[in-house]
Amino acid sequence: MQKNMEERNDTGHKGPFFPVSLCKSCIAWRFSMTGKQKKMLLRILISGVLLIAAVLIPLEGPWRFLLFLPAYFTIGWDVLWRAVVNICHGQVFDENFLMALATVGAFCTGFFGDGEYPEAVFVMLFYQVGELFQSYAVGKSRKSIASLMDIRPDYANIERGGALEQVDPEDVAVGDIIIVKPGERVPLDGIVREGSSALNTAALTGESLPREVEAGDAVTSGCVNVSGLLRVEVTKPFEESTVSKILDLVENSSSKKAKAENFITRFARYYTPIVVCAAAALAVLPPLFTGGGWGGWVQRALVFLVVSCPCALVISVPLSFFGGIGGASRQGILVKGGNYLEALAKTESMVFDKTGTLTQGVFRVAGFAPHGCTQEELLELAALAESYSDHPISRSLKEAWGKEPEQGRVTETQELSGRGVQAVIDGRTVCAGNDKLMEELGISYTPCTRVGTAVHVAADGAYMGYLVIADEVKPDAAEAIKALKAQGIRQTVMLTGDRKEVGEGVARELGLDAVYTQLLPGDKVEKVEALLQQKTAKGKLAFVGDGINDAPVLSRADIGIAMGGLGSDAAIEAADIVLMDDKPSKIAQAMKISRRTLGIVRQNIIFALTVKGLVLILSAMGLSNMWEAVFADVGVAVLAILNAMRALNLPKE
Amino acid sequence: MKKKFKMVDLDCANCAAKMENAIRKIDGVQDATVSFMSQRLTVEADDSRFEEILDQIVKVCKKVEPDCQIVR
């Protein structure tokens with residue numbers, strides 16, 4: 001994998017573009033530490049040796065003090081230096097200052113009181129080990145999230161003068177023919193002109209089953225070509241290709257902060273000054289009033305200072321959200337910001353569009369009711385009769401039949417507008433159409449009882465039965481609704497522009513709570529607004545649509561969820577969450593990820609605050625020492641980071 | 001104009017938040033985010049004075065974390 005990545009980076013990608021350099025740093029993370037971290041490790045080791053040597057040499061008084069200075073400065077010179085520089089810049093309460101103060105303070109109590117010199121060195125050492133581990137863990141998690149988004153193509157193959165040339169995808173123009181070899185990533189959106197292959201769309205949709213494509217099919221950038229060579233005509237410039245859009249969206253997701261993130265930033269602003277003031281008070285006031293020794297109280301105050309850094313919280317909360325967003329994107333669920341991931345957990349009503357969202361959005365023959373003939377005969381008659389029509393219903397009949405009509409079998413075709421068609425097939429007069437047509441012809445027919453549009457067929461005045469054409473419900477739709485209810489969604493509503501019977505039929509089949517039919521696009525916005533009024537103050541309303549006609553509704557709802565595969569660009573733009581594979585069942589999964597992420601955030605906040613609070617109380621009473629304080633600072637940060645990493649994993653079924 | 005910059009050696013999340021606040025206070029900056037996770041800075045600022053504003057941004061970031069560099 002490493003070799004592979006390096007090779008790809010060496011393929012002449014120009015300019016210091018972010019994801020490429022990110023990949024390079026990924027390699028560093030995966031196999032070793034960065035140069036800075038290695039240097040730190042060396043310093044830790046040297047300082048450790050010096051510390052042990054200092055402890056073993058039996059010297060007393062000021063000489064003993066001098067013995068510990070080499071170990072201290074080896075490990076802590078940069079902290080001291082930064083503390084001084086930052087104070088000059090007016091940044092008083094930062095980590096460096098606190099650590100410098102705490103360790104210098106420990107030295108002083110050692111020098112004047114009954115403290116120990118090794119403690120000062122060891123606290124600094126422990127702090128640096130923690131910092132190193134923290135930096136390693138953050139980098140590691142950043143890497144695993146980035147690798148999920150490793151969908152950026154590095155080059156495109158263009159044929160020039162008979163030879164293949166690798167060019168930057170950004171330099172390819174619309175209409176150019178690019179060549180995608182097996183094993184390569186499709187660099188730009190386009191249409192296959194020659195060749196057939198299987199495409200692995202896992203990076204975009206989380207779907208492991210490859211998709212077959214052949215000449216005439218559209219291909220999306222970011223998919224990996226598995227088997228055959230493809231010649232693809234580019235239809236969109238790189239900046240507008242799917243892959244650029246997705247990367248842009250995910251990279252920007254961290255700028256939309258969740259409430260929990262904002263809370264932590266605000267909390268951090270007050271927490272540190274308060275604890276530092278408390279430390280000052282603790283050092284000065286009790287000895288002044290009680291007249292006791294200064295040493296013990298100063299030491300307690302120093303512990304306060306070490307605990308006062310809010311880093312564990314400040315790192316782990318955004319990291320959890322980033323992990324949640326990364327984990328979701330691995331499932332083909334793109335979340336545009338931490339705030340939406342947070343809101344999703346509070347969703348109480350889920351409003352769906354019908355066509356293209358809960359249904360496939362394509363008409364198919366869904367059922368047969370032959371009358372005195374076989375199913376095949378019925379289908380053949382209907383398909384032949386409709387063979388000259390280009391109506392969606394006719395197309396679905398022809399598709400279901402799957403054969404080409406032979407020349408001369410069908411003659412005298414006639415469209416009867418609003419009713420159906422009439423044609424002469426093999427010498428028989430065949431009529432195919434709706435109830436109205438049958439009534440007009442005086443043929444007794446069986447009324448259709450199923451959801452969809454019925455096409456009745458009659459030959460030479462004899463009724464042959466009917467076929468049902470319906471927009472099929474997506475295979476996972478019913479399961480999706482059930483899963484959402486299990487997740488605590490109180491109300492599921494469907495909005496559709498379709499006929500009442502069709503809409504209600506689909507709603508019954510899927511077990512939706514309410515359905516509103518025959519709506520114009522404008523009516524949908526009104527309905528959603530009415531539903532927004534009904535929900536409780538804390539609950540959220542999510543709208544799921546494919547963006548065809550419903551982009552305004554997507555932006556009006558608290559959370560807009562769009563079907564990104566089938567949906568339009570406008571939908572991806574207007575939505576807050578995009579489902580790349582158009583499966584409604586992914587919504588329940590997104591909710592699970594959202595709940596889990598919020599759970600981890602809560603755990604981290606509670607854990608960090610409890611440990612810090614406990615150490616503060618214990619140290620005020622003189623029951624805790626510097627070691628525990630350093631653990632409460634860096635140890636908690638590291639544990640919180642490790643916990644945040646769990647957000648990346650998929651929730652268990 | 002909105003521009004993105006990569007940040008090298010941005011080591012502490014709290015510092016990132018401090019930088020963000022400081023950058024937002026610079027005159028001419030409409031919006032700014034410092035993302036610790038993706039190690040990048042996004043600034044939206046007046047077109048005409050962008051370079052000058054960027055110099056100021058570099059300066060305030062140096063104040064918060066001297067090691068951190070903005071790749072221009």
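**Figure 1. Helices α1(B) and α2(B) cross in a right-handed way.** In this predicted model, helix α1 (residues 13–25) of chain B and helix α2 (residues 50–64) of chain B have axes that come within 9 Å and cross at roughly 145°. From α1(B), the contact takes in B:Cys15, B:Lys18, B:Met19, B:Ala22 and B:Ile23. From α2(B), B:Ile57, B:Val60, B:Cys61 and B:Val64 take part. Sorted by class, the contact has eight nonpolar residues, no polar ones and one charged residue.

**Figure 2. Helices α4(A) and α5(A) meet in a left-handed crossing.** For a pair like this, the angle between the axes and the distance between the axes give the description. Here, the axes of helix α4 (residues 62–88) of chain A and helix α5 (residues 95–112) of chain A come within 8 Å, and their crossing angle is roughly 145°. If you would like to find the contact yourself, look on α4(A) for A:Phe65, A:Gly76, A:Val79, A:Leu80, A:Arg82, A:Ala83, A:Asn86 and A:Ile87. On α5(A), the residues to look for are A:Asn96, A:Phe97, A:Met99, A:Ala100, A:Thr103 and A:Phe111. The residues of this contact divide into nine nonpolar, four polar and one charged.

**Figure 3. Six strands of chain A form an open sheet with antiparallel pairing.** Reading across the sheet, the order is β2-β1-β3-β9-β4-β7. Strands β2 (163–167) and β7 (218–219) of chain A stand at the edges, and each has a single partner strand, so one side of each lacks a neighbour in the sheet. As a reminder, strands of a sheet pair through backbone hydrogen bonds, in either a parallel or an antiparallel arrangement.

**Figure 4. At one edge of the sheet, β2(A) pairs with β1(A).** Strand β1 (residues 156–160) of chain A joins β2(A) in the antiparallel sense over five bridges. Two pairs are handy landmarks here: A:Arg160 stands opposite A:Ala163 of β2(A), and A:Asn157 stands opposite A:Gln166 of β2(A). The hairpin of β1(A) and β2(A) has two residues between the strands, and there A:Gly161 takes a positive phi near 60°. Strand β2(A) itself is hardly covered, with zero buried residues among its five.

**Figure 5. Strand β1(A) also pairs with β3(A).** The partner here is strand β3 (residues 177–180) of chain A, and the antiparallel pairing runs over two bridges. To follow the pairing by eye, start from A:Ile158, whose bridge partner in β3(A) is A:Ile178.

**Figure 6. At the other edge of the sheet, β7(A) pairs with β4(A).** Strand β4 (residues 190–194) of chain A and β7(A) are joined by two bridges in the antiparallel sense. A:Gly190 has A:Val219 of β7(A) as its bridge partner.

**Figure 7. A:Glu412 has a positive phi.** Most residues other than glycine have a negative phi. For A:Glu412, however, phi is near 50°. This residue lies in strand β13 (residues 410–416) of chain A. Is A:Glu412 buried or exposed? A:Glu412 counts as exposed, because it has 9 C-beta neighbours inside 10 Å.

**Figure 8. A:Gln518, in a loop of chain A, has a positive phi.** The value is near 50°, in a residue other than glycine. A:Gln518 is found between β19 (514–516) and α19 (521–534) of chain A. With 12 C-beta neighbours inside 10 Å, A:Gln518 counts as exposed.

**Figure 9. Chain A as a whole, with a word on confidence.** Chain A has 23 helices and 22 strands. Of its 653 residues, 46% are buried. Among contacts between residues at least 6 apart in sequence, 66% join residues at least 24 apart. The mean pLDDT of chain A is 80, and 89% of its residues reach 70 or more. Over residues 1–31 of chain A, though, the pLDDT is below 50. In the model, that stretch has 35 contacts beyond near neighbours in sequence. A friendly caution applies: where pLDDT is low, the predicted coordinates should not be read in detail.

Note on methods
Residues numbered from 1 in each chain as written. Chains lettered and ligands numbered in written order. Predicted model: local features only at pLDDT ≥ 70, side-chain atom pairs only at ≥ 80, totals over all residues. Pairing = 2+ DSSP bridges. Helix = DSSP H or I, 4+ residues; strand = E, 2+ residues; numbered from the N terminus. Buried ≥ 20, exposed ≤ 12 C-beta atoms within 10 Å, placed from the backbone. Contact = placed C-beta atoms within 7 Å. pLDDT = per-residue confidence, 0-100. Axes fitted to C-alpha atoms, helices over the stretch in contact; angles between N-to-C directions. Left-handed = near helix turned anticlockwise from the far one by under 90°. Nonpolar A, V, L, I, M, F, W, Y, C, P; charged D, E, K, R; others polar.
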